[in-house]
Amino acid sequence: MTIDVRFRGPADLHLHSSRSDGTEHPTDVISAAHAHGLRTVSLTDHDTTTGWSEAAARTRELGMTLIPGMELSTRYQWQSIHMLAYLFDPQDADLVAETERIRADRLGRAERIVGNIAADYTLTWDDVLAQRLEDATIGRPHIADALIARGIVQDREEAFAGILHPRTGYTVPLYSPDPREAVRLIRDAGGVPIMAHPAPHGRAGMLPITILEELIELGLAGFEIDHRENTADGKRALRALIKRYNLIVTGSSDYHGTGKPNRPGENTTTEENVAAIISEGTGTAPVYPPDA
Ligand code: AMP
Ligand code: ZN
Ligand code: FE
Ligand code: FE
């Protein structure tokens with residue numbers, strides 16, 4: 001394969017800003033990535049593309065390449081599955097409608113969760129809204145931040161281990177499309193679907209291989225293998241699939257500012273794999289540095 005030399009490595013294609021549940025403005029996320037030595041990045045806020053233009057302005061200033069992206073919420077049975085989507089058309093009507101539906105349900109769901117928590121703790125909906133930038137995709141991390149502000153927990157980690165853990169009974173599930181539908185939507189919008197943190201520790205674990213093969217058949221492009229939440233066993237099984245089906249493999253940080261310990265560039269994606277994403281993506285172009 002001829003590698004497109006206009007982009008620059010090292011690459012970290014999974015970063016969150018305050019347009020979803022990261023703690024920094026898109027401009028500052030890109031600056032942080034640059035300071036950590038990255039030169040090709042993707043801003044992948046949950047179910048929204050509102051950070052793209054600000055991120056692109058900053059990558060241009062810093063001589064970096066931006067691969068526009070998003071992390072789409074999906075659900076298989078009771079299991080939350082995150083699908084990274086790169087280089088799709090942000091105006092695609094079906095994908096826009098689906099992300100709007102998810103974001104609307106995130107609002108109602110967060111309000112219901114807060115209602116449940118308020119039965120036992122002093123927490124209001126306004127507390128949560130105060131933690132969220134206008135229009136940001138709302139999620140449990142904003143509720144966690146409100147619990148921190150109230151002095152009920154120390155950090156997001158403690159909130160997710162306790163009050164926000166599904167087994168505690170306060171949370172309610174989020175409306176999300178089936179991952180098969182998500183792959184179809186992303187491909188139909190010219191995008192490249194890569195499954196985020198596909199082999200997490202804990203009760204959820206990896207989807208059955210038969211389902212993964214069905215997703216690959218439908219157009220799943222690859223897996224985010226190098227991510228701190230994947231287990232060693234899961235990564236081994238996924239590498240076998242990647243080899244068998246000649247898929248893309250990525251590595252990323254899933255940076256959330258101060259919301260998670262993850263640092264930009266703690267995992268990276270190789271030039272070959274960045275080039276493969278660029279060659280498969282037809283919905284929007286990468287934003288190259290001005291002199292490329
Ligand atoms: P939600 O979108 O409401 O389902 O919340 C999921 C988000 O919470 C994901 O984007 C994760 O990055 C974040 N999250 C999950 N567990 C933790 C944790 N232990 N600490 C900080 N953030 C977390
Ligand atoms: Zn997140
Ligand atoms: Fe995720
Ligand atoms: Fe993420």
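The following questions and answers cover the metal sites, a ligand and the nonpolar cores of a predicted model.

Visitor: Which residues coordinate the iron ion (ligand 4)?
Guide: The donor residues follow the sequence spacing H-x1-H-x54-E-x182-D. Their donor atoms lie at 2.1 to 2.3 Å from the iron ion (ligand 4). They are His-14 (NE2), His-16 (NE2), Glu-71 (OE) and Asp-254 (OD).

Visitor: Why is the arrangement around the iron ion (ligand 4) irregular?
Guide: Four donors count as tetrahedral if all angles lie between 85 and 135 degrees. The arrangement around the iron ion (ligand 4) is irregular because its four donor atoms subtend angles of 75 to 161°.

Visitor: How many Å separate the iron ion (ligand 4) from the zinc ion (ligand 2)?
Guide: The zinc ion (ligand 2) has its own donors, among them His-46 (NE2), while the iron ion (ligand 4) is held by residues including His-14. The separation of the iron ion (ligand 4) from the zinc ion (ligand 2) is 4.3 Å.

Visitor: Are His-14 and Glu-71 buried or exposed?
Guide: Both residues are donors to the iron ion (ligand 4). Buried means under 20% relative accessible area. By that cut-off, His-14 and Glu-71 are each buried.

Visitor: Which residues coordinate the zinc ion (ligand 2)?
Guide: The spacing of its donor residues in sequence is D-x24-H-x209-H. The coordinating atoms are at 2.0 to 2.6 Å, and Asp-21 is listed with OD twice. The residues are Asp-21, His-46 and His-256.

Visitor: How many residues apart in sequence are the parts that His-46 and His-256 tie together?
Guide: His-46 and His-256 are both buried and both coordinate the zinc ion (ligand 2). His-46 is in the loop between strand E2 (40–43) and helix H2 (52–62), and His-256 in the loop between strand E8 (248–251) and helix H10 (271–280), so the parts they tie together are apart in sequence by 210 residues.

Visitor: How far apart are the zinc ion (ligand 2) and the iron ion (ligand 3)?
Guide: The zinc ion (ligand 2) is coordinated by residues including Asp-21. From the zinc ion (ligand 2) to the iron ion (ligand 3) is 5.4 Å.

Visitor: Which residues come nearest to ligand 1?
Guide: There are 13 residues around ligand 1. Polar side-chain atoms of Arg-106 and of Lys-260 each lie 2.9 Å from an oxygen atom of ligand 1. For Asp-21, an N or O atom of the side chain is 3.0 Å from an oxygen atom of ligand 1. Those that come nearest are His-46, Arg-106, Arg-109, Arg-140 and Lys-260.

Visitor: What is the relative accessible area of Ser-42?
Guide: Ser-42 is placed in strand E2 and touches residues including His-14, Ile-67 and Tyr-86. A polar atom of its side chain lies 2.6 Å from the backbone oxygen of Ile-67. Ser-42 is buried, and its relative accessible area is 0%.

Visitor: How many residues does the largest nonpolar core have?
Guide: Leu-72, Met-195, Leu-207, Leu-212, Leu-215, Leu-220 and Phe-223 have the most contacts inside this core. Elements that each supply at least two of its residues include helix H3 (93–118) and helix H9 (232–245). A second, separate core has 18 residues, including Phe-7 and Ile-278. The largest core has 30 residues.

Visitor: What separates the C-alpha atoms of Leu-207 and Gln-79?
Guide: Leu-207 lies in the loop between strand E6 (192–195) and H8 and counts as buried at 3% relative accessibility. Its contacts include Gln-79 and Leu-212. Leu-207 and Gln-79 are 128 residues apart along the chain, yet the separation of their C-alpha atoms is 8.7 Å.

Methods: Residues are numbered from 1 along each chain as its sequence is written. Chains are lettered from A and ligands numbered from 1 in the order in which they are written. This is a predicted model: local features need pLDDT of at least 70, side-chain atom pairs count only at pLDDT 80 or more; totals for chains, interfaces and linings use all residues. Side-chain values use heavy atoms; hydrogens and water are left out. Donors are N, O and S atoms within 2.8 Å of the metal (3.2 Å for Na, K and Ca); water is not among the atoms, so sites may look incomplete. Four donors count as tetrahedral if all angles lie between 85 and 135 degrees; four count as square planar and six as octahedral if opposite donors are over 155 degrees apart and all others between 65 and 115; anything else is irregular. Buried means under 20% relative accessible area, exposed over 50%, partly exposed in between (1.4 Å probe, protein chains only). Helices (H or I, at least four residues) and strands (E, at least two) are DSSP runs, numbered from the N terminus. A nonpolar core is a set of buried Ala, Val, Leu, Ile, Met, Phe, Trp, Tyr and Cys residues joined through side-chain atoms within 4.5 Å. A residue is near a molecule or strand if one of its heavy atoms lies within 4 Å of it. A polar contact is a pair of N or O atoms within 3.5 Å; within protein, one must be able to donate a hydrogen and the other to accept it, and residues adjacent in sequence count only if both atoms are side-chain atoms. Contact means heavy atoms within 4.5 Å. Lists of a residue's contacts leave out its neighbours within four places in sequence.
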